[in-house]
Amino acid sequence: MRSLRTWSVLPLAFTMVGCVSMAPKYRVPEPPVPKAWPEGPSYKAAPNTTGTAGQPAADLAWQDFFVDPQLRKVLDLALRNNRDLRIAALNTEKARAYYRIQRAELLPSINAVGAGTRQRLPASVSGVGRSVVVEQDTVNVGISAWELDFFGRVRSLKNRALEQYLATEQARNSAQISLLAEVANVYLALGADREGLKLAQETLVNQEASYKLIHRRFEVGASSEIDAYRAQVSVETARGDVARYTRTVALDENALRLLVGSAVPAEWLPEALGSVTALKDITPGLPSEVLTRRPDILMAENQLKAANANIGAARAAFFPRISLTTNIGTMGSELSGLFKTGSDSWAFSPQIVLPIFNAGARWANLKAANADRDITLAQYEKAIQVAFKEVADALAQRGTLDDQLAAQETLTRALEGTHRLATARYAAGIDGYLSVLDAQRSLYAAQQGLIALRQAKYGNLVSLYKVLGGGWNPSERPAASKPPQPASAASKPSAS
């Protein structure tokens, strides 16, 4: 009956655990940024695009934004093989394991222990005037040093571990967004450089043909020697550009291979930038919507909540720590007598530890926890400010790139006409070869600039999609990064 009374206190202990929390009440900080995006000549209203107008970038799956089928294959391959993303997923798994360990501290650890002791007592201490051999065997089932969390210390530590786990989960999501954007930019750069290489090769062929013609005219006295040298300069310049673009294309392929984490089939690579299907345009929402959807900001907020919970643990350290050790079992002087009638035993050992002489260290620990929370708050606000700037920069670039691209296209067409007329006037003997050479150089530079601006336009869309929080989908996360499911209602995670 006494053992039953002993064990009957356990339900009461369970109900009393976690009744008090010393953690400060968490309040979402006010974002230290304007409530609207910047306005001015650089910021133009985004065109409405069917299927994306009014839809937040975070809700637009990357398969719907990157519409080019070959690029989507490369991105999917990168998500499966990139080592940095794999490390981020494993870090999430490790943080989840730490959270489970800390959560288990809320529940008692029940162990079964069997022990046997055989001891010789000399006659001087045996009490019977002669040496004796004492044998004792025990089998117990019980709880060992379970802390009754009256002041929420263990629960605060559990909440801190939970928020740290959630922060690593958001870090993994942020890593996926960055990976998709980086792979897409390298893929577009490869297409642009291959197009630049093709342009340089075509220019080299044309310059070599011009050089042969001018050199032949020089040999027959129909052209000056300086015209022949000028034509040769154009040939060697184009040949140098071919070598430079050839090297750049190889470097792009190496960078793409590293990001993807495996070899990329040649048929998936773009032949030119013009062969890549245009990306979908997107429209930004309000800052209050965008800045609460980005994984890096959510990660900073989780870290802030973890620091807030740590203050609760530091405050609870000032109060008594109560632990319970109890067991029930059987004991006998012989192994064969363990389960005889009357051999049952029990022990109930509550313990309370009240801090007295180390208050200074506890106060210092509390101050450090408060300082850590203030530091994390500043980091959270800085993350919001950085995000606001990134979106504003992307919007400013988009507002001016279309005008710049249109001007470059018009310039290129004008220089094509200039080159055609300069060539005709030289052939008719009206102008010298210098005018042809200037027209060739100007046209070649304009064509290169047009390729670069088209790449910049694609890159701006990729950057805008990234900084608006697009590129990750919770349903596509690997199993290692899915939230842990509690084994029972008693162990269900709680943010309280």
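The lining of the second largest cavity in this predicted model divides by class into 6 nonpolar, 2 polar and 1 charged residues. You will find Phe66, Ile177, Leu180, Ala181, Val462, Tyr465, Lys466, Gly470 and Gly471 around this cavity. Two elements, helix 7 (153-219) and helix 12 (433-467), each give two or more residues to that lining.

How many cavities of 30 Å³ or more does a search of the whole structure find? There are 2 of them, set out here.

| Cavity | Volume | Lining by class |
|---|---|---|
| Largest cavity | about 70 Å³ | 6 nonpolar, 2 polar, 2 charged |
| Second largest cavity | about 30 Å³ | 6 nonpolar, 2 polar, 1 charged |

The largest cavity has its own set of lining residues: Pro56, Ala57, Ala58, Thr283, Pro284, Gly285, Glu289, Val290, Arg293 and Leu468.

Now let's turn to the nonpolar cores. The largest one holds 64 residues, and Phe65, Phe66, Val74, Val183, Leu256, Ile282 and Tyr465 have the most contacts inside it. Elements giving two or more residues to this core are helix 3 (62-65), helix 4 (69-81), helix 7, helix 8 (225-260), helix 10 (295-316), helix 11 (359-427) and helix 12. Helix 7 contributes the most, with 14 residues. Phe66 and Tyr465 appear both in the lining of the second largest cavity and among the residues with the most contacts in this core.

Which residues does leucine 256 touch, leaving aside its neighbours within four places in sequence? Leucine 256 is in contact with Val74, Val183, Val186, Tyr187, Leu190, Val264 and Leu269. Apart from the largest core lies another core of 9 residues, including Ala228, Ala231, Tyr433 and Ala439.

Notes. Residues numbered from 1 in each chain as written. Predicted model: local features only at pLDDT ≥ 70, side-chain atom pairs only at ≥ 80, totals over all residues. Heavy atoms only, no water. 1 Å grid on protein atoms, 1.4 Å probe; cavity = no way out; pocket = protein on both sides within 12 Å on 5 of 7 lines; lining within 4 Å. Points joined across faces, edges and corners; volume = space filled by probe spheres on them. Nonpolar A, V, L, I, M, F, W, Y, C, P; charged D, E, K, R; others polar. Helix = DSSP H or I, 4+ residues; strand = E, 2+ residues; numbered from the N terminus. Core = buried A, V, L, I, M, F, W, Y, C linked by side-chain atoms within 4.5 Å. Buried < 20%, exposed > 50% of the residue type's maximum accessible area, 1.4 Å probe, protein only. Contact = heavy atoms within 4.5 Å.
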